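Welcome! Here are a few short exercises for getting to know a new structure, each followed by a worked solution.

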Amino acid sequence: MYFVRLTGVINCQVAGHMYISSAGRPLSSQCSQLKNYHLKSIRSRSEHTTTSNLITNKAMPGRKKQLHHKSNKAKHQPHQRAEKNGNGKQSQSEKQYANGPTPDPGPFRIAQSEVYGRYLVANRQLEAGELLITEEPLVIGPCVSGDSVCLGCYQPVGLGRDQFRCPGCGWPLCEASCPGLGRRVGHTTEECALYGERRPAFAELLSDRTSPSSVRDLYELVMVVRILLMRTHAPEQFALIARMESHTEERRKNAALWSHYEQNVVGRLRDEWKLGDLASEEGARSVHEICGILDVNCFEIGQKGAKARTLYPSAFLLAHDCSPNTAHTDDPRSFAILLRTSRRVRENEALTLSYAYTLQGTLKRRSFMYEGKLFWCRCRRCADPQELGSDCSAIVCRACQQGTVRAVAPLEQTADWACDRCDHQTKVLDLERQMDHINNDLEAIDVHDIPGLENFLVRYRKTLRPNHYLLLSAKFSLCQIYGRIKGYLLPEMSHQDIVRKERYCREFLAIIDLLEPGLTRLRGLIMYELHAPVMVLAQMGLQSGQISRPDFQRRVKEVAKLLQNSRDILLLEPEGSSEHEMGLAAADAFSKMGL
Ligand SMILES: [Zn+2]
Ligand SMILES: [Zn+2]
Ligand SMILES: [Zn+2]
Ligand SMILES: [Zn+2]
């Protein structure tokens with residue numbers, strides 16, 4: 001299965017109780033969460049697949065045959081019965097299909113089909129918010145983004161001389177009292193001993209003078225080494241991982257991809273890290289398999305600045321859909337995944353999650369998933385030229401300036417796009433180049449730079465349709481920083497700026513209601529953002545006599561509704577997460593309204 005935390009789009013810090021850091025970070029390269037869903041985060045997702053460029057360049061053009069959605073799952077063996085998770089306990093989901101008759105079959109079962117392979121389906125009608133799976137990681141480690149993180153807790157660390165380093169092995173750690181030292185989900189003693197023996201091969205290469213690509217290569221290896229160590233230290237968990245899909249044969253056919261892993265992972269482990277048993281052909285094969293398993297099955301998680309990737313015992317069984325019916329989050333202490341229905345699910349309906357970014361258009365989402373997960377998504381959103389009515393990939397026609405250009409056959413990745421008013425057509429390659437250019441332009445803007453983001457919206461308003469995902473991305477950042485940064489705190493904001501904040505929130509919410517309806521984090525966050533301008537404008541309107549009292553009352557009711565909904569969604573997030581804190585703030589604000 002493929003991963004990705006879509007909704008979770010990002011992980012930035014929330015200081016105090018909400019705010020957004022510019023250092024922000026990335027969700028997992030995908031970091032995710034309330035975090036300020038800041039642009040960089042959203043955009044940095046693509047960095048996550050190390051291999052993206054390799055695959056895109058080499059494999060895509062000639063690749064006419066579409067891999068079947070989920071073809072990988074068909075290869076899974078039905079091995080999941082009564083297996084144990086990382087804690088040695090059965091996960092909740094595993095209990096559903098453990099041997100023996102049970103009075104309640106649980107909310108879902110594993111189904112198998114030619115098309116989907118193994119996947120999960122609802123045993124009965126499920127209501128929004130039902131907890132389906134909670135399980136701890138089989139293995140966890142740094143992402144492939146190239147950010148240096150503490151090996152114990154996955155918080156960012158520097159590489160300078162003043163950075164605290166593990167006395168045993170020399171890898172940078174956050175501090176001597178890092179909560180992850182010696183923990184199964186942190187820097188274990190086995191790992192420390194292994195690195196300690198070969199200190200000059202890696203830890204001592206990590207300094208602030210190390211090139212970003214070398215830093216990335218070194219961190220990329222950590223997760224692979226952890227899995228290799230499990231062969232001896234946690235064989236049961238290793239066996240669960242080894243049975244996950246790796247697409248090894250498919251990957252082997254991609255020369256560029258294969259040689260990337262051969263050099264950067266297999267070669268380095270053997271020649272520089274001197275992990276001798278990997279030198280054998282058998283060892284090399286298993287390293288390639290591990291790399292494939294990680295690309296295909298990893299979840300990228302993290303709360304409050306932490307950033308890690310994980311493999312879970314059963315969450316990977318959910319089918320992918322770009323408008324899924326479940327939402328997941330992770331516990332900041334245990335790194336357990338919590339997966340719930342985000343909306344009502346019919347009996348026998350497949351349970352789905354998304355491995356792509358919600359705030360990306362079909363063209364980008366599909367290539368992202370193909371690059372990382374080796375399948376071309378054919379879901380309802382992908383198949384619809386208007387993406388479920390959001391039209392979030394639509395651009396303005398260059399020829400007639402009136403019409404809208406969109407994909408005519410969105411499941412044909414290289415098919416021309418066409419104007420709906422004239423006969424102008426656009427090549428996908430040109431379009432990709434143009435979107436990359438605009439994306440780079442957006443990325444160059446500091447996340448706190450309100451005038452810069454506003455200018456961006458003006459600059460591209462004659463190029464992109466208003467719901468285009470790149471404009472939405474800028475609007476989302478603006479929704480979060482208006483009212484939060486110096487010079488733009490609510491009491492000092494101009495009437496016009498407050499109106500803008502409200503408008504962007506409403507525009508964003510309308511799109512998220514289409515793409516990620518129900519109890520989803522993005523909805524909870526944006527409703528919280530929206531309540532403030534609605535309230536302030538209502539008060540201003542009443543004071544100036546511009547709105548009537550009944551009108552004012554109606555707006556107050558809307559504010560109450562927004563806070564209630566936001567609270568109900570965000571309090572589903574784990575305690576200690578930024579979203580949960582925002583949920584508490586929403587609950588508090590709602591109770592103070594005294595309604
Ligand atoms: Zn730490
Ligand atoms: Zn150590
Ligand atoms: Zn899709
Ligand atoms: Zn046209």
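**Exercise 1.** How many bridges join strand S11 to strand S12, and do the two run parallel or antiparallel?

*Solution.* Keep in mind that this is a predicted model. Start by finding S11 at residues 395–396 and S12 at residues 404–407. The two strands are antiparallel and are joined by 2 bridges. Looking across from Ile 395, you meet Val 405 in S12. Next, move on to strand S13, residues 417–419, which pairs with S12 over 3 bridges, again in the antiparallel sense. Here Ala 407 has Trp 417 as its bridge partner in S13.

**Exercise 2.** Work out the strand order of the open sheet that contains S4, S5 and S6, and find its edges.

*Solution.* The order is S4-S6-S5, with antiparallel pairing. Strands S4 (139–141) and S5 (299–301) are the edges, since each pairs on one side only. On average, neighbouring strands in this sheet are turned by 30° against each other, direction ignored. Now look at the link between S4 and S6 (residues 308–311): 3 bridges hold this antiparallel pair, and Val 139 is partnered with Leu 311 in S6. Finally, add helix H5 (residues 212–233), which lies across S4 and S6 and runs at about 155° to S4.

**Exercise 3.** Which residues touch the most other members of the largest nonpolar core, and where does this core lie?

*Solution.* The core has 136 residues, and those touching the most other members are Cys 150, Val 224, Phe 508 and Ile 526. Domain 1 (1–381) and domain 2 (430–592) both contribute residues, so the core lies between them. Take Phe 508 as an example: beyond its neighbours within four places in sequence, its contacts are Leu 472, Lys 475, Phe 476, Cys 479 and Ile 526.

Definitions and conventions. Residues are numbered from 1 along each chain as its sequence is written. Chains are lettered from A and ligands numbered from 1 in the order in which they are written. This is a predicted model: local features need pLDDT of at least 70, side-chain atom pairs count only at pLDDT 80 or more; totals for chains, interfaces and linings use all residues. Two strands pair if DSSP finds at least two bridges between them. Helices (H or I, at least four residues) and strands (E, at least two) are DSSP runs, numbered from the N terminus. A nonpolar core is a set of buried Ala, Val, Leu, Ile, Met, Phe, Trp, Tyr and Cys residues joined through C-beta atoms within 7 Å. A residue is buried if 20 or more other C-beta atoms lie within 10 Å of its own, exposed if 12 or fewer, and partly exposed in between; C-beta atoms are placed from the backbone. Domain bounds come from an automatic or database domain assignment. Two residues are in contact if their C-beta atoms, placed from the backbone, lie within 7 Å. Axes are lines fitted to C-alpha atoms, for helices over the stretch in contact, and angles run from 0 to 180 degrees between N-to-C directions.
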